[in-house]
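Here are my notes for you on this one. Keep the viewer open while you read, and click on each residue as it comes up.

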Amino acid sequence: MKRRKLAVYPCFSSSKPMLLLLLLACCLLTTTFAFSAEQSKQTNLQPKIGLALSGGGVKGGAHIGVLRALEEQGVTIDYIAGTSIGAVIGGMYAAGLSVDEIEQIIAAIDWDDLLSDATSRRDEPILNKRGDYNYQLKAKPGFNKGGLQLPLGLSQGQKVTQLFRRIFRDVGQVKNFDELAIPLRVVATSLETSERKVFGSGDIVNSIKASMSLPAFFAPVEIDGEYFVDGGVVANLPIDVVREMGADIVIAVDITDALLTHEEISSLLSVTEQLINFMTQSNVAKQVAMLRAHDLLIKPEVKDIGVLDFGQSLKSIERGYRAATQYASELQAIARHTTQAGMADAEVIGPNRPANNAPQENYRANTASSSATDRSSAGSKSSTSAERQPIIRFVEINNGKGLGKKAILARLKIPLNQPLDEEGLDKGISRLYSSGLYQHVDYTLVQRGDDNGLHIDITPKSWGPNYLQFGLQLQEDFSADANFNLSVAYLRTAINPLGGQLRSQLDLGIRQGLSVELQQPLLDSGALFTRLETGIKRTNIRLFASNNVGDQSSDRALADLRVVEVGSQLTLGVQVGTAAEFDVAIRRTYGSVDVVVGELPANSDGLDIGELSLNYRLDTLNTTNRPSSGAVIHAALIQSEKGLGAERNYQQGLLSAAGAFSLGSYRGYIYSLAGTTIEKTAPLQSQFKLGGLGRLSGLPVDRFYGQHVGLLSTNFSKTWRQSSAFPVFTGASVEAGNVWNDSFRKSPNDWIIAGSVYAGFDTFVGPVYLAAGFAENGNSTAYLYLGNPFVPRPVRPFD
């Protein structure tokens, strides 16, 4: 060996200490090189594994199944990049949630409710519910600067934000996504530049929400002054993103489908799905082409599950698990970290890979990788534990136009110097959002010095604060002029910090008029309010010869009258929660009547009204269009006084109550009404009216007018196409009632028995009924009705 010749070199032969020192240096150097080589070898044998999850709507449940299979095969993920639903599932996994927890969250989601901006009607202020009976079209387009304005999306994603805040509460303050249990990247698309945006820092909720904001369906998400939408538009399968994070091996899960065939395009949903496919097909193909020999492509079979078929979310989980387990041997090889040589020789692993292309060599197991338990624990290290909530010392409000800060705080009801109550905060945000003033209400935990607090971010509606409202009602009984009415209103909200609003309404049809209403809360909480209404109204009234339905002459029209009323009403009231209100009102009107046909009946003069009324209203119906739960009650005591301007004194009492229930596709509704006039008689425009579908079916609309009224009605229906855009229903009603002029009668012989059978369908302007009504003594009438004939309606002509 050459090293033995070192002893004959003169320099070493003359100095043994020098020789020993040199030998020691060589040994140290050799050891260092050996250690470095071994360390490099270890590093090379432990490549990082990245997971790329594609978008695909409800099909994204497949990602959960894949994650479960990866864990079962011992694969530990080092990086995650996701788009759209892939960002949602991947984000939860990266935040430390287990596969079981993610599956439970997805299974518990009510997708129809989540993707709708509509708040629960029970949570809306009772004052807002009043308009639901007049304006069947719930959407309110903006009317600003002389033109119409529409929202930026069908859904503003408020409920999605609130759900994500709950899901990601433990990592809400993590601003660097590399500090999550697994480093994460979220892919979105700039709506302003059409370029891809990869979020690796910032607010995790807004980043993921932006990534899944399907254009037109969801409003774009504004981040740092820029609008972002679904990342699937430009990068639905972010393979290159997870590679840039440092992944040596990429496991890509693609739930993108091929384009639908002519036969498969059969509905509006399928057309929407095809448009989504257009966006994603080309960019996915480019990403798949980037896969290397040692990567794995998993493509679950989810073609039969629609992107928006929310009832199939759990089915897609099983499909993902099945697809991943087909590659159990490949996953086990990845878990054992195949050798670099094996990686170089292997072909791209995917669903079309021939069976004989399996990798030939395996890497050693990565003993340094963390388990799923370790991953979950890591996710909680940088988060606020749910069991140790921060003490909230202050609340910051970023508020545009709308309510003042005091009014906002009164509705949020956030206690200071107390641990954060997430459930209470969530309810407060829902309560504020249900006011109808805001496009978006969100919160984040912040720290100022040593104090923790909440930053409330409130975005006013971009298409407000001026709106148009529309109402349409048709009650055609084919026996006289159509009972048709169109209402158009201009609404100005938030005219002051307490939330006052101004509404001007124009009515056309059987009821004509122009009115202005100013509603003004008097307290920050909105509990105490006042309302001023003024206007002019005109309606046509047809009176019949007799109130006796058995009289052969009773269907003969006695007179057609045109009644006009001009006046005002001032109300002072108290809201009790969101369900009820008490109020006292003063009403002063001037009335006149013109005879169009026939002659003026007795007691039809003296139409000036001066009334003082005491009212109680409760409304918890889930909807005014075919409700399935809740109740509505109205009780009123009315005192007419000459001292208030009336031409006669009288007292009236009114009580109406209704309740709705459901069982599967069946719905039931029970309604009762009782009204009476005490002492003397009420003028024509204050008398009670009855008749028409749901109010003694089989008889003409408003067939009876009188001083006393009674009605009991029961209605049952079945929905046959619950999931369609226009659900079809059939049903029947049974009714008993009458009006009287002498006294309120309780004897069954004095009540008219009636009923109906009907079929119809739901539309965006309300349900449409085609019905046949039947009453005793052979009376029958066909009806075409737009609206809900069974919910409470005014029982006096000008109420």
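1. Let's start at a spot that's quick to find. Asp619 has Val632 as its bridge partner in S23. That bridge belongs to a pairing between strand S22 (residues 609-619) and strand S23 (residues 630-640), which run antiparallel and are joined by nine bridges.

2. Now stay on S23 and look for its pairing with strand S24 (residues 650-663). These two are also antiparallel, with eleven bridges between them. To find the register, pick Ala635: its bridge partner in S24 is Leu655.

3. Before going further, a word about what you're looking at. This is a predicted model, and the mean pLDDT of the protein is 82, with 81% of the residues at 70 or more. Be wary of residues 1-43, where pLDDT stays under 50 and the model has six contacts beyond four places in sequence. Residues 338-386 are below 50 in pLDDT as well, though that stretch has 85 contacts beyond near neighbours in sequence.

4. Here's the overall picture. The protein has 799 residues, and 50% of them are buried. Its secondary structure comes to 17 helices and 32 strands. Take the contacts between residues at least 6 apart in sequence: 66% of these join residues at least 24 apart. The accessible surface is about 36300 Å², and carbon and sulfur atoms account for 57% of that.

5. Back to strands, and some with plenty of bridges. Strand S19 (residues 528-544) pairs with strand S20 (residues 557-576) in the antiparallel sense, over 17 bridges. One way to see how they line up is through Lys537, whose bridge partner in S20 is Glu565.

6. S20 also pairs with strand S21 (residues 580-598), again antiparallel, and this time there are 18 bridges. Leu570 has Ile586 in S21 as its bridge partner. How many residues sit between the strands in the hairpin of S20 and S21? There are three, and in this hairpin Gly577 takes a positive phi near 65°.

7. Next, a sheet of four strands. It is open, its pairing is mixed, and the order is S12-S11-S14-S13. Which strands are at the edges? Strand S12 (418-419) and strand S13 (438-448) are, each pairing on one side only. S12 runs antiparallel to strand S11 (residues 391-399), and two bridges join them. In one of the pairs, Ile392 has Gln418 in S12 as its bridge partner. Helix H16 (residues 405-412) packs on this sheet, where it touches S11, S13 and strand S14 (451-460), and its direction makes about 130° with that of S11.

8. Now for the inside. In soluble globular proteins, nonpolar side chains tend to be buried together. The largest nonpolar core here has 67 residues, and the members that touch the most others are Phe164, Phe168 and Ile251. Helix H4 (residues 85-94) gives the most to this core, with seven residues. Try selecting Phe168: leaving out residues up to four places away in sequence, it touches Val88, Gly91, Met92, Ala95, Ile204, Val205 and Ile208. There is also a second, separate core of 30 residues, with Ala660, Val739, Ala771 and Ala775 among its members.

9. Is helix H13 (residues 328-335) mostly covered or mostly uncovered? Mostly covered: six of its eight residues are buried. The buried ones are Ala328, Glu330, Leu331, Ala333, Ile334 and Ala335. Their cover includes strand S1 (49-53), helix H3 (61-72), strand S9 (249-253), strand S10 (296-298) and helix H12 (313-325).

10. Finish with a glycine. Gly55 is found in the loop between S1 and H3. Is Gly55 buried or exposed? Its relative accessible area is 3%, so Gly55 counts as buried, since the cut-off for that is under 20%. Apart from residues up to four places away in sequence, Gly55 touches Thr83, Ser84, Ile85, Gly86, Asn236, Ile255 and Thr256. Look for Asp254 too: Gly55 and Asp254 are 199 residues apart in sequence, yet 7.9 Å apart in space, C-alpha to C-alpha.

Methods. Residues numbered from 1 in each chain as written. Predicted model: local features only at pLDDT ≥ 70, side-chain atom pairs only at ≥ 80, totals over all residues. Heavy atoms only, no water. pLDDT = per-residue confidence, 0-100. Contact = heavy atoms within 4.5 Å. Buried < 20%, exposed > 50% of the residue type's maximum accessible area, 1.4 Å probe, protein only. Areas by Shrake-Rupley, 256 points an atom, 1.4 Å probe, with all protein chains shown as cover. Pairing = 2+ DSSP bridges. Axes fitted to C-alpha atoms, helices over the stretch in contact; angles between N-to-C directions. Core = buried A, V, L, I, M, F, W, Y, C linked by side-chain atoms within 4.5 Å.
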